Amino acid sequence: LNFSFTESDYLKAEAIKNNYSKQPILLSIGRLVYYKGFEYAIKAMTEIEAKLLIIGQGPEEKKLRTLINTLNLQNKVFIIQPQLKLAPYFLACDIFIFPSCARSEAFGLVQLEALAAGKPIINTRLQTAVEEVSKHQETGLTVEIKNSQALAGAIKQLLSNDELRKKMGLNAQKRYQDYFTQDKYLENIRRVIIN
């Protein structure tokens, strides 16, 4: 898969950052269904100084909005309708959050776009291909599933350490280039077929 970013994407990313008063932005994307684990990301925000943008729609939306209100996080957590172009959001965020909590999450394609954008990823230990896409301590952090405290701890660790965040972001971009571009993918398939 080839993800590339245009001048317009970068300009829109700046506008998004300004829109959220240049506070750190955490991004999460997916259908609003139970196994995506968004409720754990929302609960983690009670102790985080940042904005969490969740892009998606689905049957859990009402429940998640109620949770945001109950925890008084209306100024921190925003559920945004699906966007035609996600690239500006990937570029605008500081960390990509992938809090899935069921093994039905086999891969997580959105992680690839986060890697391509050079963003560290916090994902969960599902024992699926999810942890293979973004590697713990290399391109981000992997935490236990259904654990808001662990999620909050990982977010704090990355937000408080610019150098670590930058390093993992560079590693993320490199991992995408080395393993996940269309050319690499086809090359690997050829290698499997020929051998």
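**Exercise 1. Find which residues threonine 139 touches, leaving out residues up to four places away in sequence.**

*Solution.* Start with the neighbours in this predicted model. Threonine 139 touches Leu115, Lys119, Pro120, Ile121, Ser134, Met168, Asn171, Ala172 and Arg175, once residues up to four places away in sequence are set aside. Next, pick out the polar partner: the side chains of threonine 139 and serine 134 make a polar contact at 2.8 Å. Then place the residue in the fold. Threonine 139 sits in the loop between helix H6 (130-133) and strand E6 (140-143).

**Exercise 2. Decide whether threonine 139 is buried or exposed.**

*Solution.* The cut-off you need is that buried means under 20% relative accessible area. Threonine 139 has 0% relative accessibility, so it counts as buried.

**Exercise 3. Work out how many residues of helix H5 are buried, and what they pack against.**

*Solution.* Helix H5 covers residues 109-116, and seven of its eight residues are buried. Go through them by name: Val110, Gln111, Leu112, Glu113, Ala114, Leu115 and Ala116. One of these, Leu115, is also among the residues that threonine 139 touches. Now look at the partners of the buried residues. They pack against strands E1 (25-29), E4 (95-98) and E5 (121-124), and against helices H4 (87-92), H6 and H8 (162-180). Finally, step just past the end of H5, where glycine 118 has a positive phi of about 75 degrees.

**Exercise 4. Locate lysine 22 and glutamine 137, two residues other than glycine with a positive phi.**

*Solution.* First, the background: most residues other than glycine have a negative phi. Take lysine 22, whose phi is positive at about 55 degrees. Lysine 22 belongs to the loop between helix H1 (7-19) and E1. With a relative accessible area of 55%, lysine 22 is exposed. Now take glutamine 137, where phi is near 70 degrees. Glutamine 137 lies in the loop between H6 and E6, the loop that also holds threonine 139.

**Exercise 5. Describe the largest pocket: its volume, its lining and the element that gives the largest share.**

*Solution.* Begin with the volume, which is about 360 Å³. The lining comes next: 17 residues, with Cys93, Asp94, Gly118, Lys119 and Arg165 nearest the centre. Of these, Gly118 is the residue with positive phi just after H5, and Lys119 is touched by threonine 139. Sort the lining by class and you get six nonpolar, four polar and seven charged residues. To finish, ask which element gives the largest share: H8 does, with six residues.

**Exercise 6. Find how many cavities of 30 Å³ or more the structure holds, and what lines the largest.**

*Solution.* There is one such cavity. The largest cavity encloses about 30 Å³ of space. Around it you will find Val33, Tyr34, Gly37, Phe38, Glu39, Glu60 and Leu64. Grouped by class, this lining has four nonpolar, one polar and two charged residues.

**Exercise 7. Check whether the radius of gyration of the chain agrees with that of a compact globule or departs from it.**

*Solution.* A compact globule of 195 residues would have a radius of gyration near 16 Å; the chain has 16 Å, so the two agree. Add the extents: the C-alpha trace spans about 55 × 35 × 30 Å along its principal axes. Then count the elements, nine helices and six strands. For burial, 51% of the 195 residues count as buried. Last come the contacts with a separation of 6 or more: residues 24 or more positions apart account for 71% of them.

How values were computed:
Residues numbered from 1 in each chain as written. Predicted model: local features only at pLDDT ≥ 70, side-chain atom pairs only at ≥ 80, totals over all residues. Heavy atoms only, no water. 1 Å grid on protein atoms, 1.4 Å probe; cavity = no way out; pocket = protein on both sides within 12 Å on 5 of 7 lines; lining within 4 Å. Points joined across faces, edges and corners; volume = space filled by probe spheres on them. Nonpolar A, V, L, I, M, F, W, Y, C, P; charged D, E, K, R; others polar. Helix = DSSP H or I, 4+ residues; strand = E, 2+ residues; numbered from the N terminus. Buried < 20%, exposed > 50% of the residue type's maximum accessible area, 1.4 Å probe, protein only. Polar contact = N/O pair within 3.5 Å; in protein donor to acceptor, adjacent residues only side chain to side chain. Contact = heavy atoms within 4.5 Å. Rg over C-alpha atoms; globule rule 2.2 N^0.38 Å.
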